Amino acid sequence: MLEVFSHLENTYLIQFLPKFSYSLKTQVRNPKKVYVLDLGFFTHASIVFTDELGRRLENMVYLHLRRNFTELYYFNEKKNVILSPSNKVNLRK
């Protein structure tokens with residue numbers, strides 16, 4: 001299954017977004033979010049029969065941020081947030 005996802009990522013159909021952590025080991029261990037780079041593919045390949053407007057909007061925000069930032073992560077405390085280290089946000093408490 002990992003090989004299939006690897007092929008999809010290499011053909012620029014999907015992209016994986018790692019979870020933010022100051023530790024590289026923690027980043028590798030945590031699950032990654034999957035975003036579709038072509039929203040038409042998202043619509044065509046979806047097996048859910050609802051509109052999924054929230055997921056679509058999140059995917060569009062990700063695509064917009066991807067155009068402007070080279071390095072993106074997601075942060076998940078209580079809600080998911082997509083962030084870039086160049087935002088200079090201090091996430092430590």
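## What buried and exposed mean here

Let's start with some vocabulary: a residue is called buried when its relative accessible area is under 20%, exposed when that value is over 50%, and partly exposed in between. Try this on valine 61, a residue of helix α4. Valine 61 has a relative accessible area of 42%, so it counts as partly exposed. One thing to keep in mind as you read on is that this is a predicted model.

Valine 61 also shows how the chain can fold back on itself. Isoleucine 82 is 21 residues away from valine 61 in sequence, and in space the two C-alpha atoms are 8.8 Å apart.

## The overall layout

How many helices and strands does the protein have? There are four of each. If you walk along the chain from the N terminus, you meet them in the order α-β-α-β-α-α-β-β.

The protein has 93 residues, and 25% of them are buried. Its accessible surface adds up to about 7400 Å², with carbon and sulfur atoms supplying 59% of that. Now look at the contacts between residues with a separation of 6 or more: 39% of these link residues that are 24 or more positions apart.

## The start of the chain

Right at the beginning sits methionine 1, in the segment before α1, the helix that covers residues 2-10. Is methionine 1 buried or exposed? Its relative accessible area is 71%, which is over the 50% cut-off, so methionine 1 is exposed.

Methionine 1 has company, too. Together with Val4 and Phe5, Met1 forms a nonpolar patch on the surface, and the three share about 310 Å² of accessible area.

## Valine 28 in helix α2

Move along to helix α2, which covers residues 24-29 and includes valine 28. With 61% relative accessibility, valine 28 counts as exposed. Proline 18 is 10 residues away from valine 28 in sequence, and their C-alpha atoms are 7.6 Å apart.

## Helix α4 and its two sides

Helix α4 runs over residues 53-68, so there are 16 residues in it. At 1.5 Å a residue, you would expect a span of 22 Å, and the C-alpha atoms at the two ends are 23 Å apart, which agrees.

Which residues of α4 are buried? They are Asn59, Tyr62, Leu63 and Leu65. Looking down the axis of α4, you would see these buried residues fall within an arc of 165 degrees, so they line one face of the helix. Over on the other side of α4, the exposed residues are Leu53, Gly54 and Arg67.

## A closer look at tyrosine 62

Tyrosine 62 belongs to helix α4. Its relative accessibility is just 2%, so tyrosine 62 counts as buried. What does tyrosine 62 touch, if you skip residues up to four places away in sequence? The list is Gln15, Leu17, Tyr35, Leu37, Leu72 and Ile82.

You can also compare the path along the chain with the distance in space. Tyrosine 62 and tyrosine 74 are 12 residues apart along the chain, and 10.0 Å separates their C-alpha atoms.

## One salt bridge

Side chains of opposite charge can pair when their charged atoms come close. This structure holds one salt bridge. The partners are lysine 33 and glutamate 58, and their closest N and O atoms are 2.6 Å apart. Lysine 33 comes from strand β2, residues 33-36, while glutamate 58 comes from helix α4, so the pair ties together parts that are 25 residues apart in sequence.

How covered are the two partners? Lysine 33 counts as buried, at 16% relative accessibility. Glutamate 58, at 27%, counts as partly exposed.

## Serine 84, after the last strand

Strand β4 covers residues 80-83, and serine 84 lies in the segment after it. Serine 84 has a relative accessible area of 4%, so it falls under the 20% cut-off and is buried.

Leaving out residues up to four places away in sequence, serine 84 touches Phe69, Glu71 and Leu72. Leu72 is also on the list of residues that tyrosine 62 touches. As for tyrosine 74, it is 10 residues from serine 84 in sequence, with 8.5 Å between their C-alpha atoms.

Terms used: Residues numbered from 1 in each chain as written. Predicted model: local features only at pLDDT ≥ 70, side-chain atom pairs only at ≥ 80, totals over all residues. Heavy atoms only, no water. Buried < 20%, exposed > 50% of the residue type's maximum accessible area, 1.4 Å probe, protein only. Contact = heavy atoms within 4.5 Å. Areas by Shrake-Rupley, 256 points an atom, 1.4 Å probe, with all protein chains shown as cover. Patch = residues over 30% accessible without salt bridge, like charges linked within 9 Å, V, L, I, M, F, W, Y side chains within 5 Å. Salt bridge = Lys/Arg side-chain N within 4 Å of Asp/Glu carboxyl O. Expected span 1.5 Å × (residues − 1). Arc of directions from axis to C-beta.
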